[in-house]
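Q: Please take a close look at a single part of this structure and explain how it is held in place. A connected account, suitable for a reader new to the structure, would be welcome.

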Amino acid sequence: QVQLVESGGGLVQPGESLRLSCAASGSIASIITMGWYRQAPGKQRELVATISSSGSTNYADSVKGRFTISRDNAKATVYLQMNSLEPEDTAVYYCYAKKRVSFSGTLDYWGQGTQVTVSS
């Protein structure tokens, strides 16, 4: 089992920044991808950004150029630096980890979520 604990959410004004952190614990060996998803009220959960164990990144078009994902493999922690925040970024942000459990099998793990609210 992998436990994911997020921190860093809060209330900010448009144009401000926040940094989210997510620490993985438990059976963290063979975690191959970590990342962030978000879910706004009345909407489906959507990808924000992911990062592989080798450092390859993937971003949603809506956050490219504003958000940066990074990862500390030694600490099993993933970060999301969010700049130039917009009201449309308001959502619950969920940490995500994909772990290899067999030659061809993987399991997905999710954190409990942290609220990010962008409002003036």
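The request and the answer below concern one strand and the contacts that lead outward from its surroundings.

Q: Which cysteines form a disulfide, which strands pair with strand 3, and which residues are linked in a network of salt bridges?

A: The model is predicted, and the description that follows should be read in that light. The account begins with the sheet, passes to the disulfide, and then turns to charged and aromatic side chains.

Strand 3 covers residues 18-26, and six bridges join it to strand 1, residues 2-7. These two strands run antiparallel. One point of contact between them is Ser7, whose bridge partner in strand 3 is Ser21. Strand 3 also pairs with strand 8, residues 77-82, again over six bridges and in the antiparallel sense. Within that pairing, Leu20 has Leu80 as its bridge partner in strand 8, while Cys22 has Val78.

These strands belong to an open sheet of four strands, arranged in the order 1-3-8-7 with antiparallel pairing. Strand 1 and strand 7 (67-72) stand at the edges with a single partner strand each, so one side of each lacks a neighbour in the sheet. On average, and with direction ignored, neighbouring strands of this sheet are turned by 15 degrees against each other. As a general point, side chains in a regular strand alternate between the two faces of the sheet.

The disulfide starts from strand 3. In general terms, a disulfide is a covalent bond between the sulfur atoms of two cysteines. A search of the whole structure finds one disulfide. Its members are Cys22 and Cys95, with their sulfur atoms 2.0 Å apart. Cys22 lies in strand 3 and Cys95 in strand 9 (residues 91-100), so the pair ties together parts that are 73 residues apart in sequence. The torsion about the S-S bond of Cys22 and Cys95 is about -85 degrees, so this disulfide is left-handed. Both Cys22 and Cys95 are buried.

Charged side chains supply a further set of contacts. The structure holds six salt bridges. One of them joins Asp89 to Arg38, at 3.0 Å from N to O. This pair links distant parts of the chain, since Asp89 is in the loop between strand 8 and strand 9, whereas Arg38 is in strand 4 (residues 31-39), 51 residues apart. Both Asp89 and Arg38 are buried. The side chain of Arg38 also meets that of Glu46 in a salt bridge, with 2.7 Å from N to O. Are these two partners buried or partly exposed? Arg38 counts as buried because its relative accessibility is 5%, and Glu46 counts as partly exposed because its value is 36%. Arg38, Glu46 and Asp89 are linked with Arg66 and Glu86 in a network of salt bridges. Another salt bridge is formed by the side chains of Asp61 and Lys64, at 3.1 Å from N to O. Asp61 has a relative accessible area of 65% and is therefore exposed.

Strand 9, which holds Cys95, leads on to the aromatic side chains. A search of the whole structure finds three aromatic pairs. Among them is the edge-to-face pair of Tyr37 and Trp110, with 5.1 Å from centre to centre and 75 degrees between the planes. Tyr37 lies in strand 4 and Trp110 in strand 10 (residues 106-110), so this pair ties together parts that are 73 residues apart in sequence. With a relative accessible area of 37%, Trp110 is partly exposed. The rings of Tyr96 and Trp110 have their centres 5.1 Å apart and their planes at 50 degrees, so this pair is tilted. Tyr96 is in strand 9 and Trp110 in strand 10, and the pair links distant parts of the chain that are 14 residues apart. Tyr96 counts as buried, because its relative accessibility is 6%. Tyr37, Tyr96 and Trp110 form one aromatic cluster.

Arg45 meets aromatic rings as well. The charged end of Arg45 sits over the ring of Trp110, 4.7 Å from its centre. Arg45 also lies over the face of Tyr94, at 3.8 Å from the ring centre.

To return to the part in question, strand 3 pairs with strand 1 and with strand 8, and Cys22 of strand 3 is joined to Cys95 of strand 9 by the disulfide.

Conventions: Residues are numbered from 1 along each chain as its sequence is written. This is a predicted model: local features need pLDDT of at least 70, side-chain atom pairs count only at pLDDT 80 or more; totals for chains, interfaces and linings use all residues. Side-chain values use heavy atoms; hydrogens and water are left out. Two strands pair if DSSP finds at least two bridges between them. A disulfide is a pair of cysteine sulfur atoms within 2.5 Å. Buried means under 20% relative accessible area, exposed over 50%, partly exposed in between (1.4 Å probe, protein chains only). A salt bridge is a side-chain nitrogen of Lys or Arg within 4 Å of a carboxyl oxygen of Asp or Glu. Rings of Phe, Tyr and Trp (its six-membered ring) pair if their centres lie within 6.5 Å; planes under 30 degrees apart count as stacked, over 60 as edge-to-face and the rest as tilted. A charge sits over a ring if NZ of Lys or CZ of Arg is within 6 Å of the ring centre and within 35 degrees of the ring normal. Axes are lines fitted to C-alpha atoms, for helices over the stretch in contact, and angles run from 0 to 180 degrees between N-to-C directions.
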